[in-house]
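This report describes one protein model and the molecule bound to it. Please keep the sequence and the structure in view while reading.

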Amino acid sequence: MNAESKLREDIVRLSKSLFDRGFSVGSAGNISAAVDDGILMTPTNSCLGFLDPARLSKLDRNGNHISGDKPSKEVFLHRAFYETRPQTGAVVHLHSTFATALSCLTGIDPNDCIPPLTPYVVMRVGAVKLLPYVKPGDEKMGDMIRELAGRYAAVLLANHGPVVTGRDIATAVYAAEELEETAKLLILLKDAPKRMLSDENVHELKAVFGAY
Ligand SMILES: O=C(CO)COP(=O)(O)O
Ligand SMILES: [Zn+2]
């Protein structure tokens, strides 16, 4: 099996795993991964639980749709991450419940909207930027990601959901799961007095994440 066929199978398998465990419902969310000559992307209005490897959308390096079904309407958002973070191998966008709940709260720090509660979110996701609401599929989402100049591997779209990137598809999916679980803890502990990781703890952990 060649590298692209293997990646197509991986996208379908990991998407189904997310859907089966409730990280996405209905036709919400989209996933893309880089190949040598472009990007593979989940088709618009597709359900992550029932993808067909042969029907994944393929875009060339210039963003032209070259094969498969019509790509996700969030193509601008995905492409902006590949453009500004060349180390990006995959992008995962979900409407997972707890991260989306956090994205609707007022009074959270837009420059670091997932505080360092546990080590793995620091190690696997890094700092998360909250981006202002625009409607799904709006080209402006791409502009907002480009303005970040590659500084964030993950963002939270206000009143919408998380977008998480990784060096490869498995890393990006695991980071999206980690973000969701941390968001769940933050919501569960919302009104409780909490001990966060110290600046020193975070500094030490960032050295681990620093590679990406
Ligand atoms: O999550 C979504 C929009 O933000 C789903 O859109 P697509 O079905 O076009 O991928
Ligand atoms: Zn969405």
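Ala 149 is found in the loop between helix 5 and strand 7, where helices (H or I, at least four residues) and strands (E, at least two) are DSSP runs, numbered from the N terminus. Because its relative accessibility is 52%, Ala 149 counts as exposed; buried means under 20% relative accessible area, exposed over 50%, and partly exposed in between, with a 1.4 Å probe and protein chains only. The phi angle of Ala 149 is near 50°, a positive value in a residue other than glycine. Most residues other than glycine have a negative phi. Asn 159 also has a positive phi, near 55°. Asn 159 has its place in the loop between strand 7 and strand 8 (161–166), and it counts as partly exposed because its relative accessibility is 47%.

The model is predicted: local features need pLDDT of at least 70, side-chain atom pairs count only at pLDDT 80 or more, and totals for chains, interfaces and linings use all residues. Residues are numbered from 1 along each chain as its sequence is written, chains are lettered from A and ligands numbered from 1 in the order in which they are written, and side-chain values use heavy atoms, with hydrogens and water left out.

The loop of Ala 149 leads into strand 7 from helix 5. Strand 6, helix 5 (residues 140–147) and strand 7 together make a right-handed β-α-β unit. Right-handed means that, with the strands pointing away from the viewer, the path from the first strand over the helix to the second runs clockwise. Within strand 6 (residues 128–131), Val 128 and Leu 130 point one way, Lys 129 and Leu 131 point the other way, and all are buried. Strand 6 pairs with strand 7 (residues 154–157) in the parallel sense over four bridges; two strands pair if DSSP finds at least two bridges between them. In this pairing, Leu 131 stands opposite Leu 157 of strand 7.

Another set of strands is linked by antiparallel pairing. Five of the six residues of strand 1 (residues 30–35) are buried, so that this strand is mostly covered. Strand 1 and strand 2 form a hairpin with two residues between them. The two run antiparallel and are joined by four bridges, strand 2 covering residues 38–41. Strand 1 also pairs with strand 5 in the antiparallel sense over four bridges. Ser 32 takes part in both pairings: it stands opposite Val 91 in strand 5, and its bridge partner in strand 2 is Met 41. Strand 2 in turn pairs with strand 3 (residues 57–60), again antiparallel and over four bridges. The bridge partner of Ile 39 in strand 3 is Leu 59.

Which residues lie around ligand 1? They are Ser 27, Gly 29, Asn 30, Thr 44, Asn 45, Ser 72, Lys 73, Glu 74, His 93, His 95, Pro 136 and His 160, each having a heavy atom within 4 Å of the ligand. By class, this shell has one nonpolar, nine polar and two charged residues. Here Ala, Val, Leu, Ile, Met, Phe, Trp, Tyr, Cys and Pro count as nonpolar, Asp, Glu, Lys and Arg as charged, and the others, Gly among them, as polar. The table lists distances from oxygen atoms of ligand 1.

| Residue | Partner atom | Distance from an oxygen atom of ligand 1 |
|---|---|---|
| Ser 72 | N or O atom in the side chain | 2.7 Å |
| Lys 73 | polar backbone atom | 2.9 Å |
| His 160 | N or O atom in the side chain | 2.9 Å |

The protein covers 97% of the 310 Å² of accessible area that ligand 1 has on its own, an area that comes from the Shrake-Rupley method with a 1.4 Å probe.

His 93, one of the residues around the ligand, has its place in strand 5 (residues 90–93). Is His 93 buried or exposed? His 93 counts as buried because its relative accessibility is 1%. Its side chain makes a polar contact of 3.0 Å with the side chain of His 160. A polar contact is a pair of N or O atoms within 3.5 Å; within protein, one must be able to donate a hydrogen and the other to accept it, and residues adjacent in sequence count only if both atoms are side-chain atoms.
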